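Please open the model in your viewer and keep the sequence panel beside it. The stops below say what to select next and what is found there.

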Amino acid sequence: MDIFEKCRKFPTARALREMDLFPYFRELQSRQDTEVIMEGKRRIMLGSNNYLGLTTDPEIIAAAHKALDEYGTGCSGSRLLNGTLILHQQFEKEMAEFLHKEDVVTFSTGFQSNLGIISAIVGRGDYVICDKENHASIYDACKLSYGKMLRYNHNDMEALEKQLQKVPDNAGCLIVTDGVFSMGGDIADLPQICRLAKQYGARVMVDDAHGLGVVGEGGRGTASYYGLEDEVDIYMGTFSKSLASLGGYMAAPHEVCEYVRCASRPYMFSASVTPVGIAVATAALRKMKAHPEIVDRLQHISAYMREKLLEKGIRIRLSETPIIPIFTYDPIRTLQIQKELYERGVYVNATLPPAVAPGECLLRTSLMATHTEAQIDEAVGIIADVLSHYDLDAPPDVDFTLVTQ
């Protein structure tokens, strides 16, 4: 059998293109900002993770130019060998201080951070326990490790405890959870997770990709939000959201970081973050520390949009984050609504299985601190008008099995 046979028979993209409902790979022709030019037309951007709006900040752009001039375009090697710059060391020191941790390790991407951390920490005979709505990179990291993965229903602490009870006394155990969940925007029940971890002798790792710059004191993330910075053993985060760059990090005790540096294959065998990437992340971190009011502004504009959506009778998941999901339930209808919004100048993300459970499709909207009330008013008006033409209580009238394969 030809190994490419599965490629020829893959129906999803082809079928959605034939229906003119393929929502992906839209071409940006401008900066990542609150308004963009996408495929020749102005769109209000409600589908970005640029939470603090720093991708267009003049100070951040200046830091990128300076790094490019001083260090060139790339490092051409791993951190282990020739790829460590003083810029990497500076960022790790400053991020560790900001997060109140002993040490920080940087990775080339956020996805790779989870791969590198979990595959190194969870060894043969160990257990890793995951919330079912954790990010895909966590699941792939568990596959890369030699440990046994157990899952619990989303934010269900009784289910978590039942899984903890399955772990042998002589086995190591790591509980891994998103801090802010990327699709629903809700926040992990970290107080109960930490309580159970202590009770059962497990360690806690929080993926704070969507928490840094969003919640907590000055944007320090989920553990800070709950006052549990001393209870969370490992933070993972990314540069590609609040830090306006590309890369990722791990914050943990020094001995854990040293172990990962010497045991993590994704870390040891990947080129380091580029000079521009690490310089931008550092500049964004410094901006966030110097201007915590940016985080406050993000909270304000997020609350403003939730209020406006609720005033229009639109069903959303309530949270305290800039991720605001609008429930649309089935895939085809979700894609139809997303297309109409796009055509009318509002970009949102159509979220389908496997990113969400079947029957729980949604439009994922996300805010930036730099959005204005006027932009939100315009976007909410368009969203409400488009949704008014759909009966979201009715069952789908199209076979949507093709988008869940």
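Begin with Asn349, which stands opposite Arg364 in β13. Before going further, note that this is a predicted model, in which local features need pLDDT of at least 70 and side-chain atom pairs count only at pLDDT 80 or more, while totals for chains, interfaces and linings use all residues. Residues are numbered from 1 along each chain as its sequence is written, and side-chain values use heavy atoms, with hydrogens and water left out.

**The open sheet**

Now select β12 and strand β13 (residues 361-366), which pair in the antiparallel sense over 3 bridges; two strands count as paired if DSSP finds at least two bridges between them. Helices (H or I, at least four residues) and strands (E, at least two) are DSSP runs, numbered from the N terminus. Widen the selection to the open sheet, where 3 strands lie in the order β10-β13-β12 with antiparallel pairing. Because β10 (323-329) and β12 (349-351) stand at the edges with a single partner strand each, one side of each has no neighbour in the sheet. From one strand to the next, the twist averages 30°. Add helix α13 (residues 293-311), which packs on the sheet and touches β10 and β13, its direction making about 30° with that of β10. Here axes are lines fitted to C-alpha atoms, for helices over the stretch in contact, and angles run from 0 to 180 degrees between N-to-C directions; contact means heavy atoms within 4.5 Å.

**Helix α12 and what covers it**

How many of the 16 residues of α12 are buried? The count is 12 of the 16, so α12 is largely enclosed by the rest of the structure, where buried means under 20% relative accessible area, exposed over 50% and partly exposed in between (1.4 Å probe, protein chains only). Among those buried are Pro275, Gly277, Ile278, Thr282 and Met288. Display α3 (58-71), α4 (86-99), β3 (103-107) and α13 as well, since the cover over the buried residues of α12 includes them.

**The nonpolar cores**

Next select Leu46, Phe91, Met95 and Leu243, which touch the most other members of the largest nonpolar core, a set of 92 residues. A nonpolar core is a set of buried Ala, Val, Leu, Ile, Met, Phe, Trp, Tyr and Cys residues joined through side-chain atoms within 4.5 Å. Centre on Phe91: beyond residues up to four places away in sequence, its contacts include Val104, Phe239, Leu243 and, in α12, Ile278 and Thr282. A second, separate core has 24 residues, including Ala120, Ile138, Val176 and Tyr267.

**Strand β4**

Move to strand β4 (residues 127-131), where 5 of its 5 residues are buried. Tyr127, Ile129 and Asp131 point one way from β4, whereas Val128 and Cys130 point the other way. The strand runs parallel to strand β5 (residues 148-152), to which 5 bridges join it, and Asp131 stands opposite Tyr152 in β5.

**Asp186**

Now select Asp186, in the loop between β6 (173-178) and α8 (190-200). This residue is buried, with a relative accessible area of 14%. Its side chain makes a polar contact with the side chain of Arg317 at 3.3 Å; such a contact is a pair of N or O atoms within 3.5 Å, and within protein one must be able to donate a hydrogen and the other to accept it, with residues adjacent in sequence counting only if both atoms are side-chain atoms. Leaving aside neighbours within four places in sequence, the residues in contact with Asp186 include His154, Asn155, Phe181 and Ser319.
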